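These are my notebook entries on a single structure. I set out to look up its strands, its helix packing and a few single residues.

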Amino acid sequence: MTNVLIIYTGGTIGMINDPKSGVLVPFNFEQITDHVPELKRLKYQFTVHSFDPLIDSSNMSPEIYKELALRIQRDYDQYDGFVILHGSDTMAYTASALSFMIENLDKPVIFTGSQLPVNGIRTDAKENLITALEIAAEKRKGKAMVPEVCIYFDYKLFRGNRAFKYNSEKFEAFRSPNYPILAEAGVYLKFNRNYILKPNSEPVKFHTKLDSAIGILKLYPGISPAIVKSALSAECKAVIMETFGSGNTSTQKWFLDLLREAIMGGKLILNISQCKVGTVELGRYETSRELREMGVVSGYDMTFEAAVTKLMYLRGNFKSNKKIAEYLETDLRGELTVY
């Protein structure tokens, strides 16, 4: 029989409204069938493991990414798929991180959560949980239908390192504008198999070394030399620079000189766009030509969440900036499109 492990880290999906106080309180998730009796009708088995203490998604960290990866590694051979219940605010970061930490994945790791608690009258928790479990258990010719780290929310399945949370009020909380959805839940579960990663024959590997010392430089018109210098001189070896349009920046001499000085001093600078749709194209315009020449690395169409966690993974596992830069511009887990 198909076996699925549910890992409950925290978040709204594991909360109920206290009728006396009106506030959200966690319940014993091992008794989830009391709140979602439909789970008893599933044709496979599932086991629940709850974090203790539960983690608000705003408090997620690389240490918890490691704990999740180690838990999956420990139980990898015992289960056919994994469902991780997680607060939606930072779900895309955790899903992206795990996608890099698990190499040669050949089983589903499906993240889901909800905008309303499970005992709410109009809750989205039940549908998200039930369908995430169905996807984690789905097989074709004896093999997992979706051997990826994914996010399932509001009838859509996204590649985990391609999605981001864009809305805190709608059930449609996530989007993936630079990559098609992997599946859609209607009357039937419709899988877009052409877009789902194909597993290779190599054994699964788990990487738990992460380096979270990453700086962020978000550009805006009128940014001062002092602000740029402060961001570039932070105690870190890598800086994500959020640029305009297709990777463009100011061409003022002071700005380019500060970037060049940082790179010469050993800083790695990764260029991603502030736009949610499209890709970085270094050299397409004069405003980005010099960036490529001085050694700024292109993030192509990576989300901010994927860029941060990919850098954590690469910085934790490689020392050479040249090697890290090469891997940053390489599609490792379906996180970017190189045109």
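**Entry 1: strand β18 and its sheet**

I began with strand β18 and found that six of its six residues are buried, so β18 is largely enclosed by the rest of the structure. I note at the outset that the model is predicted.

I then looked at the two faces of β18 and found both covered. A238, I240 and E242 lie on one side, V239, M241 and T243 lie on the other, and all of them are buried.

Which strands make up the sheet, and in what order? I read the order as β17-β18-β19-β20, an open sheet of four strands with parallel pairing. β17 (214-218) and β20 (297-298) are at the edges, and each has a single partner strand, so one side of each lacks a neighbour in the sheet.

I went through the pairings in turn. β17 and β18 run parallel and are paired over five bridges, and I214 is opposite A238 in β18. Strand β19, residues 268-273, is joined to β20 by two bridges, again in the parallel sense. In that pair I recorded N271 opposite S298 of β20.

**Entry 2: helices on this sheet**

Next I looked up what packs on the sheet. Helix α9, residues 321-328, touches β19 and β20, and its direction makes about 15 degrees with that of β19. Helix α5, residues 225-232, lies across β17, β18 (238-243) and β19. I noted that α5 runs at about 160 degrees to β17.

**Entry 3: T249, after β18**

I followed the chain onward to T249, which is in the loop between β18 and α6 (253-264). Is T249 buried or exposed? T249 has a relative accessible area of 5% and is therefore buried, the limit for that term being under 20%.

I also listed what T249 touches beyond its neighbours within four places in sequence: L219, M241, T243, F244, F255, T287 and L291. Two of these contacts, M241 and T243, I had already entered on one side of β18. For L291, 42 residues away along the chain from T249, I recorded a C-alpha separation of 8.5 Å.

**Entry 4: strand β5 and its partners**

I turned to strand β5, residues 81-85, which is mostly covered, with five of its five residues buried. G81, V83 and L85 point one way from β5, while F82 and I84 point the other way.

Which strands pair with β5? Strand β1, residues 3-8, is joined to β5 by five bridges and runs parallel to it. Here L5 is opposite F82 in β5. Strand β7, residues 109-112, pairs with β5 over four bridges, also in the parallel sense. In this pair I84 is opposite F111 of β7.

**Entry 5: helices α3 and α8**

Two packed helices are described by the angle between their axes and the distance between the axes. I looked up both values for helix α3 (residues 91-101) and helix α8 (residues 304-317): the angle is about 40 degrees and the axes are 8 Å apart. The two helices are therefore oblique to each other. The crossing of α3 past α8 is right-handed.

I listed the residues that meet. From α3 they are A92, Y93, S96, A97 and F100, and from α8 they are F304, E305, A306, T309, K310 and Y313. Sorted by class, this contact has seven nonpolar, two polar and two charged residues.

**Entry 6: backbone details in loops**

I closed with three loop residues. Where is the cis peptide bond that I noted? The bond runs from D52 to P53, with omega near 5 degrees. P53 belongs to the loop between β4 (45-50) and α2 (62-75).

K141 has phi near 55 degrees, a positive value in a residue other than glycine. K141 is in the loop between β8 (139-140) and β9 (143-144). With a relative accessible area of 74%, K141 is exposed.

D154 is not a glycine either, and its phi is positive at about 50 degrees. I placed D154 in the loop between β10 (149-153) and β11 (156-159).

Technical notes:
Residues are numbered from 1 along each chain as its sequence is written. This is a predicted model: local features need pLDDT of at least 70, side-chain atom pairs count only at pLDDT 80 or more; totals for chains, interfaces and linings use all residues. Side-chain values use heavy atoms; hydrogens and water are left out. Two strands pair if DSSP finds at least two bridges between them. Contact means heavy atoms within 4.5 Å. Axes are lines fitted to C-alpha atoms, for helices over the stretch in contact, and angles run from 0 to 180 degrees between N-to-C directions. Angles under 35 degrees count as roughly parallel, over 145 as roughly antiparallel, 65 to 115 as roughly perpendicular and the rest as oblique. A crossing is left-handed if the near helix is turned anticlockwise from the far one by less than a right angle, and right-handed if clockwise. Ala, Val, Leu, Ile, Met, Phe, Trp, Tyr, Cys and Pro count as nonpolar, Asp, Glu, Lys and Arg as charged, and the others, Gly among them, as polar. Buried means under 20% relative accessible area, exposed over 50%, partly exposed in between (1.4 Å probe, protein chains only).
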